[in-house]
Amino acid sequence: MKIEQADILVVDDELGMREGIRRLFASQGHRVDTAETGRLGVEKGTLREFDIYFIDLKIGDIDGVEVLAEIRKVYPEAICVICTAYASIDTAVETTRLGAYHYVAKPFAPEEIQLVFDRALERRWYILEARRLRVEQERRLLEVSREKSRIRTIINAIDDGIVVLNQQAEVVLFNPQFLKLLQLEHDLTIGQSIFEVLPDQFKGVITDIFEQKDALKAIKQEIVIQPPAKLVVMANSTPILDETGQLLGFVSVLRDISELKQLELLKSQFVNMAAHELKAPLSAIQGYMEMVLDKSLGDEPDIYDGYLRRSLERSKTLTTLINDLLNISRIQAGKVRREIERLIPAEMAEATIEFFKNEIHKRGLTTELDLDKTLTVDADREELQRVFTNLISNAIKYNREQGTIRIAITSDGRYVKISVADSGIGMLAEEKERLFEEFFRAKNYYTRNITGTGLGLTLVKKIVDGYAGKIDVTSEYEKGTCFTLYLPMVM
Amino acid sequence: MKKKILMVDDDVDLLQIFKPFLEKAGYDVVTANDSVEGFELFKSTKPDAVFVDLAMEHFDSGFVLCHRIKSLPEGKSVPVIIMTAASHETGIRFSTQTEEERKWIEADDYLDKPVPARELLAYINEKIFHA
């Protein structure tokens, strides 16, 4: 608590005075500078800050009072001791009013000025210390505010919603995502009770937390904001305890799990649909079998032939359905191993027509083919075959008796265009829209006797998508439907 | 006089199974493949009981058809039974329907598919016509 080496400036026109003070304090290890005129004193004294100024009140050129004022103008905290031969109450008052720390009356004994000096130096020390503390405090405040804003920025940038509550369930901190996830329209105010703003679904969680007296543990809960899965959040609420285990409040982190919930919902819908579709042919088969065994319609085997044939047909659909389901799941899981080879779609179309020869003949259908055999695509043979089988069997099933099937394979320079058109029952606009949905089948007067899985076109679309191709559909109800596939052409 | 039953189902096989069986058991059976045809047949044939599949053109076509039948003056007193395989799989649980929904649909009963033909016959004999 001491200044070991003080910087002292003596402003006095008397050499004896200047030297006397210099000798006294230099011998104590202090650095003493002098000025023999008032002007020089102002110049030196304002160039840098001295710890102590000794200023003679009566100097030749300018008044000591003016020197004092000039120095204090630059250094308002400068410690100035006025030395005066004209010591009077008036001058003393005047100089202290102007900011002098003290004054000594000339002539003075060394111990007199030493006493004043020691006290002045102590005062100087306090000033310097206060200054240092002020600077440090400012630096710390700046650091704290930087830290705060850093944390604030981090919290605001987090994708999860965060709210911190105190013991009274009042809001201490929150981020914008919190408001968004709970769909709170108005900003929260710090200190506001959380119960005023929370949706009912969430209030229970908070009440639970505050009410569990002995076992303070984190609570995880799903909160449905917009049912069924439009907006669902997982709230993870953890109590904040002090070192004695006393509850200070708690922090709740909200995560948007809507997407996950939607997927779950889609998955379970798919499973439900699949189960329903698997059950339908089984119900029919079961019904027919019961009839056959029951024999209540008579003993003639002929009566039951039709029942057995339909049972067989429905069981075939069931097999196809299961295969389609497996294929879709393989494609979705990315587990399809494609063996890519150069294929000529025209040849595959011809082979497929040949395969369905009997069905085409039975319904009296005519085929019109416009096939460019020079066009090739790179694809997996089995997959492309499945596309042709699905499209051509649809063109047969949904055609009218004596109708036509037109197949064209052409190119627009970049894509191989494969179109399969029928002159059949066509589709309504709403049916066309849902065409590629899993299990969707147009249900109307014309389709009542047509069996199918509702997965064929879903599969076709997934395959075509897998080759960066696309599929277009044009259809007119009661007139016919045309599917056009675009597959990247091999140049 | 024979009692007349209207069966509406988009699965033609189920109609082919029930129709001859119930006819053999002494009922008159008319069938329709969709709810539009079903509604027309109801008006033209005036059946004594109606069995309707739930999921036809839409998953709830059966509800709508039932409501339309019950909205007719001549439909009020005719029992309409909704049959579905969907109750377990689609999560449509009739027990959880609200009073309002039940009032709107006005179905007399619900049956879970598949219903074996003999059980359906027993149900018709005992529950519907109290034979």
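**Figure 1. Thr95(A) in the predicted model is a buried helix residue.** Thr95(A) sits in helix 4 of chain A, which covers residues 89-97. Its relative accessibility is 2%, so Thr95(A) counts as buried, the cut-off being under 20%. Which residues does Thr95(A) touch, leaving out those up to four places away in sequence? They are Leu57(A), Val65(A), Leu68(A), Ile82(A) and Ala100(A).

**Figure 2. Helix 12 and helix 14 of chain A pack against each other.** Helix 12 spans residues 381-397, and helix 14 spans residues 456-466. The angle between them is about 140°, and their axes lie 9 Å apart. The crossing is left-handed. Helix 12 of chain A contributes Glu383(A), Arg386(A), Val387(A), Asn390(A), Leu391(A) and Asn394(A). Facing them in helix 14 of chain A are Gly456(A), Leu457(A), Leu459(A), Val460(A) and Ile463(A). By class, this contact holds six nonpolar, three polar and two charged residues.

**Figure 3. Helix 8 of chain A, its length and its C-terminal end.** Helix 8 of chain A runs from residue 258 to residue 294. Its 37 residues should span 54 Å at 1.5 Å a residue. The end C-alpha atoms of helix 8 are 52 Å apart, which agrees. Is Leu293(A) buried or exposed? Leu293(A), a residue of helix 8 of chain A, is exposed, with a relative accessible area of 70%. The C-alpha atoms of Leu293(A) and Tyr304(A) are separated by 9.6 Å; the two residues are eleven apart along the chain. Just after helix 8 of chain A comes Lys295(A), with a positive phi of about 55°.

**Figure 4. Helix 6 of chain B has a buried side and an exposed face.** The helix covers residues 117-128, twelve in number. From first C-alpha to last, helix 6 of chain B reaches 15 Å, close to the 16 Å expected at 1.5 Å a residue. Its buried residues are Ala117(B), Leu120(B), Leu121(B), Tyr123(B), Ile124(B) and Ile128(B). These cover an arc of only 160° around the axis, which puts them on the same side of helix 6 of chain B. An α-helix has 3.6 residues a turn, so residues three or four places apart point the same way. The face turned away from the buried side carries the exposed residues Arg118(B), Glu119(B), Glu126(B) and Lys127(B). What covers the buried residues of helix 6 of chain B? The cover includes helix 8 of chain A. From chain B, the cover includes strand 1 (4-8), helix 1 (12-24), strand 3 (49-53), strand 4 (80-84) and strand 5 (109-112). His130(B) follows helix 6 of chain B and has a positive phi, near 50°.

**Figure 5. Helix 3 of chain B and its packing partners.** Helix 3 of chain B spans residues 61-71. Its buried residues are Ser61(B), Gly62(B), Phe63(B), Leu65(B), Cys66(B), Ile69(B) and Lys70(B). Among the elements of chain B that they pack against are helix 2 (35-45) and helix 5 (99-105). Strand 1, strand 3, strand 4 and strand 5 of chain B are also partners.

**Figure 6. Two cis peptide bonds, one in each chain.** In chain A, the bond from Lys106(A) to Pro107(A) is cis, with omega near -10°. Pro107(A) lies in the loop between strand 5 (102-105) and helix 5 (110-157) of chain A. In chain B, a cis peptide bond joins Lys113(B) and Pro114(B), with omega about -5°. Pro114(B) lies in the loop between strand 5 and helix 6 of chain B.

**Figure 7. Loop residues other than glycine with positive phi.** Glu478(A) has a phi of about 70°. Its loop runs between strand 16 (470-476) and strand 17 (480-488) of chain A. With a relative accessible area of 47%, Glu478(A) is partly exposed. Glu106(B) has a phi near 65°. Its loop lies between helix 5 and strand 5 of chain B. Glu106(B) counts as partly exposed at 32% relative accessibility.

**Figure 8. Chain B, by element and burial.** Chain B has six helices and five strands. Along the sequence, they follow the pattern β-α-β-α-β-α-β-α-α-β-α. Of its 131 residues, 54% count as buried. Among contacts in chain B with a separation of 6 or more, 70% come from residues 24 or more positions apart.

Methods
Residues numbered from 1 in each chain as written. Chains lettered and ligands numbered in written order. Predicted model: local features only at pLDDT ≥ 70, side-chain atom pairs only at ≥ 80, totals over all residues. Heavy atoms only, no water. Axes fitted to C-alpha atoms, helices over the stretch in contact; angles between N-to-C directions. Helix = DSSP H or I, 4+ residues; strand = E, 2+ residues; numbered from the N terminus. Left-handed = near helix turned anticlockwise from the far one by under 90°. Contact = heavy atoms within 4.5 Å. Nonpolar A, V, L, I, M, F, W, Y, C, P; charged D, E, K, R; others polar. Expected span 1.5 Å × (residues − 1). Buried < 20%, exposed > 50% of the residue type's maximum accessible area, 1.4 Å probe, protein only. Arc of directions from axis to C-beta.
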